[in-house]
Amino acid sequence: MSKTMYAYGFVDPKHGESLPTFEKKEVEVPKPKERELLVEIKAVALNPTDLATRAGKKADDDSFTVLGRDAAGVVVDTGTDVELFEVGDEVYYPGSPTVEGTEADYHIIDERMVGLKPHNLSFSEAAALPLTALTSYEVFHDRLQLFNGEKEPEDISLLIVGASGGVGSIASQIALNAGFDVIGTASRAESREYLSDLGVKTMIDHSQPFEEQLQEQGYDSVDAVFLAVKADENIKEAANVVKPQGRIATLLPFEDRLPNKLFSKSITLSYELMYTRSLYQTEDWIKQHEYLMELKEQVEAGNIVSTKSEYFSEMNEETLTEAYALLQREHTIGKIVLEHP
């Protein structure tokens, strides 16, 4: 007889309304296979990708959809080929579009995108980190190639657009900890105060032209730009300030025509989707586990703090609705987290 659990989700995406109606449903506990882990969920964090999942569901799709990517919890079962974890390990990870969402009692995930939870973080603090941190590591290592050895980190100027958001707030910490010369953008006093607390000393307002602001801070141009928010709105300004033969990475595809300066400056433009490795099961998928383990060490050394901001002490139908309403406002500092006691 199979075991059951509760999952939180919806059938009707209600595209004409601000949010779907979340339901609690009893479903079977999945069985891990091969390199999969079964994790008892202790906390989840929300991401814009959750809203994209809802937006992509067709109105005539009568399946029960469970959202959620970021999670932290305890391994309770393993597949036959698992090598990196054991039952009882406390873990954190970013979920995947290839499996059901994390907003449930238990969740299945491939071990290659899982790390051991930092011992000095609670489950809710840890759940805030994986997706955004992995995105940042991939941008810095694999897309912008800031660690290629051509320059010392302190000689590399890095502009992070949207530095106080979910991705930007962890990206700023990782970049500062690596020694890069970080310039963060923030348009609100609250956001600038938050960045200052994270250690960002140089800031500009992304609602205003970049070039003059950077010149006032002593920069003629920057080596690299990370567009962590609103690619179309910021690419022109990024193209104006990036150095010839510099690099730009974006989290979102462009819909508008790209500025000609990208061509005249021979700019390397990279897209970053943290789920590429899991979607295509690339040969280097294990890098995601390695990045999360590196992050664990940095957190335990006190070099990086959790980006948990808004917090709900219990995950249920009502708190999920409230949490996603906050996420839709697009002015959240850090990450929205729900515990699942």
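Helices here are DSSP runs of H or I with at least four residues, strands are runs of E with at least two, and both are numbered from the N terminus. By that count the protein has 11 helices and 16 strands. What you're looking at is a predicted model, where local features need pLDDT of at least 70, side-chain atom pairs count only at pLDDT 80 or more, and totals for chains, interfaces and linings use all residues. Residues are numbered from 1 along each chain as its sequence is written, and side-chain values use heavy atoms, leaving out hydrogens and water.

Let's start with the overall shape. The C-alpha trace spans about 65 × 45 × 35 Å along its principal axes. The radius of gyration (over C-alpha atoms) is 20 Å, close to the 20 Å from the globule rule (2.2 Å times the number of residues to the power 0.38) for 341 residues, so the protein is as compact as a globular protein of that length. Buried residues (under 20% relative accessible area, 1.4 Å probe, protein chains only) account for 53% of the 341. As for contacts (heavy atoms within 4.5 Å), take those between residues at least 6 apart in sequence: 69% of them join residues at least 24 apart.

Now zoom in on helix α5, residues 189-198, which is where S191 sits. S191 has a relative accessible area of 4%, so it is buried. Setting aside neighbours within four places in sequence, S191 is in contact with S164, A186 and I333.

R112 gives us a loop to look at, the one between β7 (106-110) and β8 (115-116). With 19% relative accessibility, R112 still counts as buried. Not counting residues up to four places away in sequence, R112 touches R35, W285, I286, Q288 and H289.

Last stop: helix α11, which runs over residues 317-328. Its 12 residues reach 17 Å from first C-alpha to last, close to the expected 16 Å (1.5 Å times one less than the number of residues). At the start of α11, a side-chain oxygen of N316 comes to within 3.0 Å of the backbone nitrogen of E318.

Which residues of α11 are buried? They are T319, L320, A323, Y324, L326 and L327. These cover an arc of only 150° around the axis (taken from the directions from the helix axis to the C-beta atoms), which puts them on the same side of α11. An α-helix has 3.6 residues a turn, so residues three or four places apart point the same way. The cover over the buried residues of α11 includes β1 (4-10), α1 (48-56), β15 (308-312) and β16 (335-339).

How values were computed: Buried means under 20% relative accessible area, exposed over 50%, partly exposed in between (1.4 Å probe, protein chains only). A polar contact is a pair of N or O atoms within 3.5 Å; within protein, one must be able to donate a hydrogen and the other to accept it, and residues adjacent in sequence count only if both atoms are side-chain atoms.
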